[in-house]
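Colleague: I have a model open on my screen and would like to know what stands behind the words people use for it. Could you take me through them?

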Protein chains: 2
Amino acid sequence: MPEQRAERAERADAVRNRGAVLRAAERLLAEGGGDHVSLDRVAALAGVGKGTVFRRFGSRAGLLQALLEERSLALREAIATGPPPLGPGAPAPERLLAFLDRLGAIAEGNAALLSAHEAACAEEKYDDPSYRLWHGHLTALLAEARPDLDAGFLAHTLLAVFDGDLIRHLTPPDDPRRFTRSVQRTAMALLDGEPDPDPAHDPDP
Amino acid sequence: MPEQRAERAERADAVRNRGAVLRAAERLLAEGGGDHVSLDRVAALAGVGKGTVFRRFGSRAGLLQALLEERSLALREAIATGPPPLGPGAPAPERLLAFLDRLGAIAEGNAALLSAHEAACAEEKYDDPSYRLWHGHLTALLAEARPDLDAGFLAHTLLAVFDGDLIRHLTPPDDPRRFTRSVQRTAMALLDGEPDPDPAHDPDP
DNA sequence: CCGCCATACGGACCGCCGGTCCGGATATCT
DNA sequence: AGATATCCGGACCGGCGGTCCGTATGGCGG
């Protein structure tokens, strides 16, 4: 299946280098901490020049962001078009739990990457397309389940807890999914406030 | 005010320089963004050498931390020994709201400082004495009001939302206290779960 | 009042970082 | 094959956080 489209195709060595840089970055991330990933080192390990890294990803933040988006691509698709309970069709609380389970898994498996990304992009984090997507999804689900609350702010609250350093701080070696369960419980506590102030429809025994 | 005690007094020029450095740092913070506060600049504006700054505060993170502690000293005292509802004596929900009101005011007034501090100290943030104090206080209050929940994690959640960048992102110029109100509402929503469970038996956590 | 010593000072110095730039190599199209 | 737009490499830059040590000075015993 050819992939060329648009007005100009990307040169072959360009796409190969992009891959090499990404793999080099994740290797460095795995070996040392997040602050071990410098553009110089990534370039050296990838076997390319520093300028190449910068041209592909714009900045250190862009590189980390690309890595993060690569990791979350499957989740983005599952939310938009996948089967329930992740995708559309299930009740809001179930979708919420399923989403937090998957997002938590990504965060737990990439805590160092998360930390590095947070450090690299300061304020722009909240304009990041990924963040906006997670926030929009959470806002919609929360608004559906608890229309009496400020769903937008609650979504920010839930996302704020996905801090790489906090995750490392709270994750014991023997229970890698503890953080996710805590987040899920928090979300359920939030939904538990008052069931349905308006008994218009929704037949429930 | 008599502050000397301990085994060795601090030299006069030392304490004067400490003050000059702190005031220089806050001036730079107010003028430019948080990334405008470099040790070189602080030293220059304070009229001292770079080494002096480092000797007093250990690192850039230490300098920001000192600034933050200066800002929150009154609140720390009010919590420990002040009159209700901030201090001991009031019911947990009232104390919680009062505490969040004051902490929110500090955060809203020092969002840039908060951002800079978060960026400077990565993981050590959660070992910071200030953080531990806020976390301990919140944990106690939440545990008192909702013994059925994981108070420790909820405390982390509430504190995670005090992100300098997020605050700037959510604070419109005409309503500087909007963030605080949102946090308070979130906390109250958390407490609303179930008023008084059966005091007879207790299911496992 | 004086002289001594611990203490604190200043700023040159270091390695490294993120980011820029441009002459030269190379893939792609005709 | 030749032409050309694209991409590459790595030298280069200003500035950063952090270190170090010769020197100046405050505090104190005499």
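Modeller: Happily, starting with the contact between chain A and chain B. Each side has its own count: 26 residues from chain B and 26 residues from chain A. Two residues are in contact if their C-beta atoms, placed from the backbone, lie within 7 Å. This is a predicted model, in which local features need pLDDT of at least 70 and side-chain atom pairs count only at pLDDT 80 or more, while totals for chains, interfaces and linings use all residues. Residues are numbered from 1 along each chain as its sequence is written, and chains are lettered from A and ligands numbered from 1 in the order in which they are written.

Colleague: How do you know that the copies meet through the same surface?

Modeller: Of the interface residues of chain B, 100% are also interface residues in chain A, so the same surface is used by the copies.

Colleague: What makes the relation between them that of a two-fold axis?

Modeller: A turn of 180° with a shift of 0.0 Å along the axis lays chain B on chain A with an RMSD of 0.1 Å. That is why the relation is that of a two-fold axis. The superposition is by least squares on the C-alpha atoms of residues with pLDDT of at least 70 in both copies.

Colleague: Why is Ile167(A) called buried?

Modeller: A residue is buried if 20 or more other C-beta atoms lie within 10 Å of its own, exposed if 12 or fewer, and partly exposed in between, with C-beta atoms placed from the backbone. Ile167(A) has 23 C-beta neighbours inside 10 Å, so it counts as buried. Leaving aside neighbours within four places in sequence, Ile167(A) is in contact with Ala107(A), Glu108(A), Ala111(A) and Phe179(A).

Colleague: And which residues have the most contacts inside the largest nonpolar core?

Modeller: Val42(A) and Val42(B), in a core of 92 residues. A nonpolar core is a set of buried Ala, Val, Leu, Ile, Met, Phe, Trp, Tyr and Cys residues joined through C-beta atoms within 7 Å. Beyond four places in sequence, the contacts of Val42(A) include Val21(A), Leu28(A) and Val53(A).

Colleague: What makes a residue near DNA strand C?

Modeller: Its C-beta atom, placed from the backbone, has to lie within 6 Å of the strand. There are 25 residues around DNA strand C, and Ala12(A), Ser38(A), Gly51(A), Gly49(B) and Gly51(B) come nearest.
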